[in-house]
Amino acid sequence: MVETIEWVSEGGSGHVLMIDQRRLPREQVFVTCRTYEDVADAIRTMVIRGAPAIGVAAAMGVALGVQQGADYETVHTTLAATRPTAVNLFWGLERMRLLHASLVNASQTERLLRFIDESQKIRLEDIAMCKAIGRHGAPLVPDGKTVLTHCNAGALATAGYGTALGVIRAAVEAGKKIDVFADETRPFLQGARLTAWELQQDGIPTTLITDNMAGHFLKSGRIGCVVVGADRIAGNGDVANKIGTYSVAVLAKENGIPFYVAAPSSTFDLTLDSGDQIPIEQRSSDEVTHVFGVHVAPENIGVENPAFDVTPARYVTAIICEKGVARAPYKESLRAILG
Ligand code: MRU
């Protein structure tokens, strides 16, 4: 599996290398970021996407900002303004701010080394969290059935291994005979382009379906469970994830199929009482009116393009994080599990 993001050392300094997720799976092209502005652009334009991966990118972006000798608040504000929904972005920035506060008297050389080191730690911790999520989640996956997933919550959406796809990978590694249905995930097609590609690389049997087929297959008896990732989980267990997740959750409940959410602790926002308070990113209308650069809708048509929706906690069978599995009532279980 290719690396989603890495810090490439050049003596005492370095640059950030990311695979360009906009061009997968047709081309494996890498984008080099030498400044924090490059990283901000990469996050905004979806070179890198997926909540945990965005958090890692933001941390590396701060390290680049320190390397540039840029004003710390400007670096922080620029990166914080890229995408509003995934709380991992702000979590990564806060981790770096704590470090910044502890280094007021340090030399520029020491500061840079410590910032690079911290961003590397965040990356490695993310992979470790994904593996632990996999270990906790694998026992929940029914053997001999199909797992349905939405968007891409895989290695590409994290520093490696994935959250929802981490659960699937761990179930396969545990010897379960499962296959995957991947929703294509309009309008950006993370399912068709990224999930399908990732799972195919791993040799996990995968079938691509369009989003509007999910209900049909959830009713068919073939699907054993749904596993998705998350961009932000509120204190009551409401889950913001890629647009279309809510519809899948309702259809899963209607058909008596468990609906699992897999996310690291960096995706939880216990400062929010409910999902109604989660900011939802609105993206360009071009993503809806165009398919691969071809304008398919009438000119001047009105368009809505919320990138995420919020699934109320009552549809969520369990939330799998690196510390264990939480079930309703989430107000208590999330606090207990996260400490
Ligand atoms: O707009 P994206 O591609 O960044 O949205 C990604 C998702 O919604 C993922 O499901 C979520 O970030 C979890 S990734 C482990």
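**Entry 1: salt bridges**

I began with charged pairs and found 18 salt bridges in the structure, which is a predicted model. Opposite charges on side chains can pair when the charged atoms come close.

I picked Arg 83 and Glu 281 to look at in detail: their closest N and O atoms are 2.9 Å apart. Arg 83 sits in the loop between α3 (72–80) and α4 (87–102), and Glu 281 in the loop between β11 (268–269) and α10 (286–289), so this salt bridge ties together parts that are 198 residues apart in sequence. Are these two residues buried or exposed? Arg 83 has 5% relative accessibility, so I noted it as buried. Glu 281 is buried too, at 7%.

Next I turned to Glu 94 and Arg 97, whose side chains form a salt bridge with an N to O distance of 4.0 Å. Both residues belong to helix α4, and three residues separate them, about one turn of the helix. I noted Glu 94 as partly exposed, with 40% relative accessible area. Arg 97 is also partly exposed, at 25%.

My third pair was Asp 179 and Arg 222, with side chains meeting in a salt bridge at 3.3 Å, N to O. Asp 179 is in strand β5 (residues 179–183), while Arg 222 is in the loop between α8 (214–219) and β7 (223–228), so the pair links parts that are 43 residues apart in sequence. Asp 179 counts as buried at 16% relative accessibility, whereas Arg 222, at 39%, is partly exposed.

I then checked for shared partners, and a network turned up: salt bridges join Arg 83, Glu 281, Arg 283 and Glu 287.

**Entry 2: nonpolar cores**

In soluble globular proteins, nonpolar side chains tend to be buried together, and I went looking for such groups here. The largest nonpolar core has 39 residues. Which residues have the most contacts inside this core? I listed Ile 5, Val 16, Met 18, Val 39, Val 62 and Phe 115. At least two core residues come from each of β1 (5–10), β2 (13–19), α1 (36–44), α2 (51–68), α3, α4 and α5 (108–137). Helix α2 gives the largest share, 12 residues.

I followed Val 62 further. Leaving aside residues up to four places away in sequence, Val 62 touches Tyr 72, Val 75, Leu 79, Leu 93, Met 96 and Phe 115.

There is also a second, separate core of 30 residues, and I noted Leu 148, Val 239, Phe 259 and Ala 326 among its members.

**Entry 3: a nonpolar patch on the surface**

Which residues make the nonpolar surface patch of about 370 Å²? I wrote down Val 291, Phe 292, Val 294 and Val 296. Val 296 lies in the loop between β13 (294–295) and β14 (308–311), and with 55% relative accessibility it counts as exposed.

**Entry 4: Thr 267**

My last lookup was Thr 267, in the loop between β10 (259–262) and β11. Its relative accessibility is 0%, so I recorded Thr 267 as buried. Which side chain makes a polar contact of 2.9 Å with that of Thr 267? My note here reads Asn 88. Not counting residues up to four places away in sequence, Thr 267 touches Val 87, Asn 88, Ala 230, Asp 231, Arg 232 and Ile 233.

Key:
Residues are numbered from 1 along each chain as its sequence is written. This is a predicted model: local features need pLDDT of at least 70, side-chain atom pairs count only at pLDDT 80 or more; totals for chains, interfaces and linings use all residues. Side-chain values use heavy atoms; hydrogens and water are left out. Helices (H or I, at least four residues) and strands (E, at least two) are DSSP runs, numbered from the N terminus. Buried means under 20% relative accessible area, exposed over 50%, partly exposed in between (1.4 Å probe, protein chains only). A nonpolar core is a set of buried Ala, Val, Leu, Ile, Met, Phe, Trp, Tyr and Cys residues joined through side-chain atoms within 4.5 Å. Contact means heavy atoms within 4.5 Å. Patches are made of residues with over 30% relative accessible area and no salt bridge: like charges are joined within 9 Å, nonpolar side chains (Val, Leu, Ile, Met, Phe, Trp, Tyr) within 5 Å. Accessible areas come from the Shrake-Rupley method with a 1.4 Å probe; for residues, only the protein chains shown count as cover. A polar contact is a pair of N or O atoms within 3.5 Å; within protein, one must be able to donate a hydrogen and the other to accept it, and residues adjacent in sequence count only if both atoms are side-chain atoms.
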